[in-house]
Amino acid sequence: GIIVSTDAHSKLQYGVVFYNEETKTAQHQDVSARDIPSLNVDITYSTLSSIAHLLPEPTTHRGAMGRPDASLWKAAELKECDNIFLEKKCLRTIELVNIPKSAIIMPMRWVYKIKTNADGSIERYKARLVAKGFKQIPGVHFDEKHTFSPSASSLIFRFLMTIIVNFSLFAFSMDVTAAFLNSKPKFDNYVQLPDGFLYRGSSYAFMLQNIYGTRDAARGWYDDQHDFLIASYPLLVRSAVDPCLYYMFDKNLIVFIVVTVDDYAVATSSEQWYKSFFATYSKRFPCRDLGPLELYNGIHIHMNATRTTVRLTQQREITALLERFGMLDCNPARTPMPTDFQAPPRSTSDAVPDFAYPSLIGALLWIARMTRPDILYAVIFLSAFMKTFTSIHVTAAKRILRYLKATITYSFTFTASEQF
């Protein structure tokens, strides 16, 4: 199918989206009015907002500027630059002649993302300026002993849900804005802006603060937020089991905090304490109060009025996975795997199936660990054949998708226990 948008931001009058129904992919190109009759297809006139979800997110600055939604991506780029150069003061523009000849300049790239709301509608266009950290050199750009950064495990997230329902806690969510830009690098770093992009007439910059993509940015951010939490709330304790879990028990107050990079899930017995905490925290690190905990890392959280029952679902992720592998209209299956399933690994003489098997298994494993333990055995079994899978394994993996379609409304439920 083809959709023509009359509000394309290009030198030509129209933007055309060629959409492939089989591969579920789309490509955009600019055309003039006289080109349209030669296309010889049915044409639907559309607004920009109705075709944005069909276009794959751009991967380069030049690609973003050649799309019908170029003005939105441009605005996102300028917002990111204002944040990284002016507000956060992470980078300072510099001329090439002022960079020491011995310095190793690190290239950068743009990462583009369309952020969506819980209902799937578009929230905003987001562009992030990222360093190509894989080109960093230990001892020149970063300290190789200071790169590991912890992240909350699925076990700790489920533990938090258990605590919420058994203590009937209020649960809130907050998101730190540009979290990695809050720590200082330990070495002098010079960067080159993405190809085709200039900021204030320069394509080079000196790094004053860590930026996304650098090898030690994540660890620097974790250490900074930890130091702030402990200094501001001396009674707050970091768990010895998981360094991303903090808790505090008082006579009249219970607090649990789970940190997943720049996302915070806060459970407390006092709504007023959370408001005070957010006010204090936002003075140190710019952040957004996302309100009650309803969506966390792609997991939808449904809580009853008394906060004694919590249901976790991933319907949107499952639907997206079905669409990605062209199985929205597949026949449902009653079980994730036959009880007598057997499949030998691929021999050296067998052809490799043209299928994104490792990608599918990885996505299924995430769903299984977070909300669908009923498919966990089947996914783990099939994960043993990542490099030796055959068409039989592909069919088995697709069967799990068919089962998820049949049971897409299933949820992982937590309820309060009298014995807790």
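User: In this predicted model, over which ring does the charged end of R346 sit?

Analyst: The model is predicted. A charge counts as sitting over a ring if CZ of Arg is within 6 Å of the ring centre and within 35 degrees of the ring normal. The charged end of R346 meets this at 5.5 Å from the centre, and the ring belongs to F389.

User: How far from the ring centre of Y212 does R128 lie?

Analyst: R128 is another arginine placed over an aromatic face. The ring beneath R128 is that of Y212, and the distance to the ring centre is 3.8 Å.

User: Which side chain of opposite charge is nearest to E80, and how far away is it?

Analyst: E80 lies in helix α3, which spans residues 70-87. Leaving out residues up to four places away in sequence, E80 touches W110, A127, R128 and L129. A salt bridge needs a side-chain nitrogen of Lys or Arg within 4 Å of a carboxyl oxygen. E80 is buried and has no salt bridge, since the nearest side chain of opposite charge falls outside that cut-off: R128, 4.5 Å away.

User: Is R67 buried or exposed?

Analyst: R67 is found in the loop between α2 (61-65) and α3. R67 and L55 are twelve residues apart in sequence, and their C-alpha atoms are 8.9 Å apart in space. Buried means under 20% relative accessible area. The value for R67 is 6%, so R67 is buried.

User: Why do A378, V379 and L382 lie on the same side of α9?

Analyst: Helix α9 covers residues 376-383, and A378, V379 and L382 are buried in it. An α-helix has 3.6 residues a turn, so residues three or four places apart point the same way. The three buried residues are on the same side of α9 because they cover an arc around the axis of only 95°.

User: Which helices are included in what covers the buried residues of α9?

Analyst: The buried residues of α9 are A378, V379 and L382. What covers them includes two helices, α8 (357-370) and α10 (391-406).

User: What kind of aromatic pair do F412 and F414 form?

Analyst: The structure holds 29 aromatic pairs, and F412 with F414 is one of them, at 5.1 Å centre to centre. F412 is partly exposed, with a relative accessible area of 24%, whereas F414 is buried at 10%. Planes under 30 degrees apart would count as stacked and over 60 as edge-to-face. The angle here is 45°, so the pair is tilted.

User: Which residues do ring pairs link into a cluster with W221?

Analyst: Rings pair if their centres lie within 6.5 Å. Ring pairs link W221 into a cluster with F228, Y233, Y264, W273, F277, Y281 and F285.

Methods: Residues are numbered from 1 along each chain as its sequence is written. This is a predicted model: local features need pLDDT of at least 70, side-chain atom pairs count only at pLDDT 80 or more; totals for chains, interfaces and linings use all residues. Side-chain values use heavy atoms; hydrogens and water are left out. Helices (H or I, at least four residues) and strands (E, at least two) are DSSP runs, numbered from the N terminus. Buried means under 20% relative accessible area, exposed over 50%, partly exposed in between (1.4 Å probe, protein chains only). Lys and Arg count as positive and Asp and Glu as negative; His and the chain ends are not counted. Contact means heavy atoms within 4.5 Å. Rings of Phe, Tyr and Trp (its six-membered ring) pair if their centres lie within 6.5 Å; planes under 30 degrees apart count as stacked, over 60 as edge-to-face and the rest as tilted. The arc is that of the directions from the helix axis to the C-beta atoms.
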